[in-house]
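Student: Could you teach me how to read a protein model? I would like to start with confidence and then look at the inside.

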Amino acid sequence: MGDKHVIMRAAAFDSCRRIALLAAVSFAAGYGMLAAPASSQSLGDRFKSLFGVRPEQPAEAAPPAEGETDLTCPPVSIRAGASTYAVAAPGKQPVGNDLRVQATITRTARDCTKNGDQITARIGIQGRVIAGPAGAPSTVEIPLRVAVVQGGVQEKTIATKVYRTTVSMSEDGNVPFALVAEDLVYPVPLGAAGDSYIFYIGFDPQALKPEPKPKAAKKAESKKAQKPPE
C-alpha cells in the first residue's frame, strides 16, 4: 500500500513538472511573438542609414568660429499638386480602370553641409508604387523634382533639379522605392534669409518628356549665302 502511494505521488509530480515545462515553453513563445515588433521597428529606421547617421556630439562641443553662424537646414515639404504620380494606359487618362500605376511619397529626410559659400543638400525620399486596374508594366520610371525655395509673398526658386529612379514591379503590385538627391547645391543665404528657405519635393511628369528639338535654321539665309555674284 505504501509503495502504491509512492508511485502515485511520483506520477503526480512528473505530471506537474510536464505542465510547468509546457507553460514555460508557451510563455517563451508568447514573449517571442510580443518581442517581434521591436525588430520590425528597426526596419523603419533603415532610412536613416541613407545619410550615414553620425553619433551625437558631446555637450561641450566647440563653439562656431568667429563670423560664422549656425547652419540652418531647411525643412522638406511636398509641393501642392505633386504628391502623387499616376500612369495611364496609352491614350487614356490615369483614372478608374485605365490607371496602370500610382506612386506616392511616404517619408522624407534631409541633411545639409556647408562648403565655403555653398551649401550641399542631400534630400531623402521614400515612397510606394501600387499597380492599378489596367495592370502595371514590369518597370516604372519615377520622376522627382527637388528645389530649394525662399518662401514669402512671392516665392523665389534658388535651385532646382530633376532626379529619376526606376522601380521594378512585383507580382503583388505594391513596391517601395527610395531616392537620395545628393548634389543639390545653392549659395549660403545672407543673414536670416535662410530661415524662410524650404526644400520642395514632388513628382514631375514633364521631366520624362523628350526635350523639343531645336528649330531648323531658316533656309533663306543659306540661299542668300549661295546667291551667285552679279
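Here is a short conversation about confidence, the core and aromatic rings.

Tutor: This is a predicted model, where local features need pLDDT of at least 70 and side-chain atom pairs count only at pLDDT 80 or more, while totals for chains, interfaces and linings use all residues. Residues are numbered from 1 along each chain as its sequence is written, and side-chain values use heavy atoms, with hydrogens and water left out.

Student: Which elements have the lowest and the highest mean pLDDT?

Tutor: pLDDT is the predictor's confidence in each residue, from 0 to 100. Helix α1 (residues 2-44) has the lowest mean, 43, and strand β8 (residues 197-203) the highest, 96. Helices (H or I, at least four residues) and strands (E, at least two) are DSSP runs, numbered from the N terminus. Where pLDDT is low, the predicted coordinates should not be read in detail.

Student: Which residues have the most contacts inside the largest nonpolar core?

Tutor: Such a core is a set of buried (under 20% relative accessible area, 1.4 Å probe, protein chains only) Ala, Val, Leu, Ile, Met, Phe, Trp, Tyr and Cys residues joined through side-chain atoms within 4.5 Å. Here the largest has 30 residues, and Ile142, Tyr186 and Phe199 have the most contacts inside it. Strand β7 gives the largest share, six residues.

Student: How is the aromatic pair of tyrosine 85 and phenylalanine 203 arranged?

Tutor: Rings of Phe, Tyr and Trp (its six-membered ring) pair if their centres lie within 6.5 Å, and planes under 30 degrees apart count as stacked, over 60 as edge-to-face and the rest as tilted. This pair is stacked, at 6.0 Å centre to centre with 25 degrees between the planes. Tyrosine 85 is buried at 9% relative accessible area, and phenylalanine 203 is buried at 6%.

Key:
Buried < 20%, exposed > 50% of the residue type's maximum accessible area, 1.4 Å probe, protein only.
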